[in-house]
Amino acid sequence: MDQPRGLIFKTGFILLFLQAVTCLEISNLRVPPSYSINRDETERTPLVLGCDYAIDENESKGFVLKWKHNDLQIYQWIPSRNPVVFSSFKGHIDVDYSESDDRLHKHSALKFINPMANYTGKYTCQVQTYHSVASQTAHMQIIVPETDFSLGYQRETNGSTIVFCNVGEIYPLPEVSLLIDDEKVSDVVVFEQVQDYTGYYNVSVQHILPDQNKNMKFDCEVTIPETDYKLRTSMPYEGAAFRANAAALQVFLCTVFSVTLARTLTLF
């Protein structure tokens, strides 16, 4: 008799444990892969992180919702109290924001106020009760768009032609590629500078044309790894016309020199 009773007790305990585990579940963590900060504050798109979860009201005793940034707690909400913001996120999260009037969901989302570049990182939503804990994590990249994006070329005094692409005051460090006739150029010189105060990057990519006397198309492409951020611009290069103009100029100068020399000789 003891063995069947023990089996029944163990089975009941397992069922109760499974019920407690499954009563709390995060179904969707709404963290965008990237967010671009608009330098014009009047046109900024709101940044909201959401945490959707299912919870049994009967198992909600001890309910606490937490948000973490790179494993450091930045936000806590208990339904009977006001939300609390920690660390450098103070003043940058709207504690009055709510997406629902439901008692257990009212302040589950984070609405940022003036998000900053250093808010890039892993965001974890953790929901717990006395009976169970659930959490999910996702990464978000904050992007500060460039203030300068230019493609051009210049002829040096030694006769060579340098193609350049400049990107100014962008975050994080982008990948900048030069293309000639839609082929990526590997033989480039890259200059990178980090601004001390902001941490923004200035990047310049340069390439010396091996043949500057033919027509080409230049492209510059800027991307930020692991995001969908992409810039591209292009311009024509009329090297053949430059060669023709140079040849015509040479003929003109030779003609002028010959005429001048002939006139000079007639004076003697």
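Let me begin with the lining of the largest pocket, whose residues divide into seven nonpolar, three polar and two charged, and let me say straight away that this is a predicted model. That pocket has a volume of about 240 Å³, and among the residues that line it are Ile37, Arg39 and Arg44, then Asn114, Pro115, Met116, Ala117 and Asn118, and further along the chain Val144, Tyr171, Thr198 and Tyr200. Where does the largest pocket lie with respect to domain 1 and domain 2? Both domain 1, which covers 25–143, and domain 2, which covers 148–237, give residues to the lining, so the pocket lies between them.

Let me turn now to the cores. The largest nonpolar core holds 33 residues, and of these Trp67 and Tyr123 touch the most other members. The elements that give two or more residues to this core are strands 1, 3, 4, 5, 8 and 9, and strand 3 gives the most, with four residues. There is also a second, separate core of 22 residues, which includes Val205, Leu209, Met216 and Tyr229. As a general remark, nonpolar side chains in soluble globular proteins tend to be buried together.

To stay with Trp67 for a moment, this residue lies in strand 4, and is Trp67 buried or exposed? Trp67 has a relative accessible area of 0%, and it therefore counts as buried, the cut-off for that being under 20%. In sequence, Trp67 and Val127 are 60 residues apart, while in space their C-alpha atoms are 8.9 Å apart.

Next come the strands further along the chain. Four strands form an open sheet in the order 13-12-16-17, with antiparallel pairing. Strand 13, at 183–184, and strand 17, at 230–238, stand at the edges and have a single partner strand each, so one side of each is left without a neighbour in the sheet. Within this sheet, strand 12, residues 175–180, is joined by six bridges to strand 16, residues 215–223, and the two run antiparallel; here Ser177 has Glu221 of strand 16 as its bridge partner.

Finally, I would like to show you a hairpin, which is formed by strand 14 and strand 15 with six residues between them. Strand 14, residues 189–194, and strand 15, residues 201–208, run antiparallel and are joined by six bridges, and Gln193 stands opposite Asn202 in strand 15. Which residue in the turn has a positive phi? That residue is Gly199, and its phi is about 80 degrees.

How values were computed. Residues are numbered from 1 along each chain as its sequence is written. This is a predicted model: local features need pLDDT of at least 70, side-chain atom pairs count only at pLDDT 80 or more; totals for chains, interfaces and linings use all residues. Side-chain values use heavy atoms; hydrogens and water are left out. A nonpolar core is a set of buried Ala, Val, Leu, Ile, Met, Phe, Trp, Tyr and Cys residues joined through side-chain atoms within 4.5 Å. Buried means under 20% relative accessible area, exposed over 50%, partly exposed in between (1.4 Å probe, protein chains only). Two strands pair if DSSP finds at least two bridges between them. On a 1 Å grid over the protein atoms alone, a cavity is a set of points where a 1.4 Å probe fits but cannot get out, and a pocket is an open set with protein on both sides within 12 Å along at least five of seven lines; lining residues have an atom within 4 Å of a point. Grid points are joined across faces, edges and corners, and a volume is the space filled by probe spheres set on the points. Ala, Val, Leu, Ile, Met, Phe, Trp, Tyr, Cys and Pro count as nonpolar, Asp, Glu, Lys and Arg as charged, and the others, Gly among them, as polar. Domain bounds come from an automatic or database domain assignment.
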